[in-house]
Amino acid sequence: MATYGFLQPLVSGAEAIALRDAEHRIGRAELSTTRKLVSKQHLVITSSGTAVEIKDTSVNGTFVNGLRVPKEQTHPLRSGDVITLISAEAVDFAYVFVRRRNEAVGPVGGTTGAPLAPSSPSVEDAQAAIIRKLLAAQSLGSPGTATSSPPLPREDTIPAIDDATADAV
């Protein structure tokens, strides 16, 4: 299966995870960590070709946009969704899901894990906006509860990934 998306880390120096398999299992080994708070198989991301979903298979939780994904239940993923492991505030294990589309974007500025570099807006700016809104939403309500905060940026503010970029990762 072709690459359908990426988990772009919010921590500098961490590598992006290319999502290629219809069922992609992510855990300690894939995240290159030995921290026991991250399960051996923490989550599963599945793609049907038209929809992408995430399922929490962990002990300590998976969060999408600050809300906990119920264990063993699927939750739809959209480009720009912020995924965190362990807690909604766990920056060490925070990723932005970037859905691949067949539109052209600017060149990638380096090797695997380097930030994507489209012309406008930059992924870093979009990620910063998402994190600011996520943190603001969490301060308005208790973690894991929905608030009336404005919606997070979606595909119109998160750049797409072209074929050359996908093949480089």
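How much area does the protein expose, and what share of it do carbon and sulfur atoms supply? In this predicted model, the exposed area comes to about 8400 Å², and carbon and sulfur atoms supply 53% of it. The chain has 169 residues, and buried residues make up 46% of them. Its secondary structure consists of ten strands and two helices, and along the sequence the order is β-β-β-β-β-β-β-β-β-β-α-α. Among contacts with a separation of 6 or more, 47% join residues that are 24 or more positions apart.

The interior is a good place to begin. The largest nonpolar core holds 21 residues, and Leu7 and Ile45 have the most contacts inside it. Two or more residues of this core come from each of β2 (17–19), β4 (43–47), β5 (52–56), β9 (82–85) and β10 (94–99). With neighbours within four places in sequence left aside, Leu7 is in contact with Ala16, Ile17, Leu19, Ile26, Ile45, Ile83, Tyr95, Val96 and Phe97. Ile45, the other residue named for its contacts inside the core, is thus itself among the partners of Leu7.

Strand β10 also contains Val98. This residue has a relative accessible area of 1% and is therefore buried, since the cut-off is under 20%. Val98 and Gly5 are separated by 93 residues in sequence, yet their C-alpha atoms are 5.5 Å apart in space.

Attention can now turn to the pockets. The second largest pocket encloses about 220 Å³ of space. Its lining is formed by Val11, Ala14, Glu15, Ala16, Ile17, Glu30, Leu31, Ser32, Thr33, Asp92, Phe93 and Tyr95. By class, seven of these residues are nonpolar, two are polar and three are charged. Some lining residues appear in the contact lists as well: Ala16, Ile17 and Tyr95 line the pocket and are in contact with Leu7.

Two further members of the lining, Asp92 and Phe93, are touched by Arg35, whose contacts beyond four places in sequence also include Arg28 and Ile86. Arg35 sits in the loop between β3 (23–26) and β4. Its relative accessibility is 35%, so Arg35 counts as partly exposed.

The loops offer two backbone details worth a look. Which residues other than glycine have a positive phi? Glu72 is one of them, with phi near 65°, and Ile86 is another, at about 80°. Glu72 belongs to the loop between β7 (67–68) and β8 (74–77), whereas Ile86 belongs to the loop between β9 and β10. Their surroundings can be told apart by accessibility: Glu72 has a relative accessible area of 46% and is partly exposed, while Ile86, with 18%, is buried.

Ile86 is touched by Arg35 and also by Gly61. Gly61 lies in the loop between β5 and β6 (62–64). Is Gly61 buried or exposed? At 0% relative accessibility, Gly61 counts as buried. Apart from residues up to four places away in sequence, Gly61 touches His42, Asp56, Arg68, Thr84, Leu85 and Ile86. Of these partners, Thr84 lies 23 residues from Gly61 in sequence, with a C-alpha to C-alpha distance of 8.6 Å.

Terms used. Residues are numbered from 1 along each chain as its sequence is written. This is a predicted model: local features need pLDDT of at least 70, side-chain atom pairs count only at pLDDT 80 or more; totals for chains, interfaces and linings use all residues. Side-chain values use heavy atoms; hydrogens and water are left out. A nonpolar core is a set of buried Ala, Val, Leu, Ile, Met, Phe, Trp, Tyr and Cys residues joined through side-chain atoms within 4.5 Å. Buried means under 20% relative accessible area, exposed over 50%, partly exposed in between (1.4 Å probe, protein chains only). Helices (H or I, at least four residues) and strands (E, at least two) are DSSP runs, numbered from the N terminus. Contact means heavy atoms within 4.5 Å. On a 1 Å grid over the protein atoms alone, a cavity is a set of points where a 1.4 Å probe fits but cannot get out, and a pocket is an open set with protein on both sides within 12 Å along at least five of seven lines; lining residues have an atom within 4 Å of a point. Grid points are joined across faces, edges and corners, and a volume is the space filled by probe spheres set on the points. Ala, Val, Leu, Ile, Met, Phe, Trp, Tyr, Cys and Pro count as nonpolar, Asp, Glu, Lys and Arg as charged, and the others, Gly among them, as polar. Accessible areas come from the Shrake-Rupley method with a 1.4 Å probe; for residues, only the protein chains shown count as cover.
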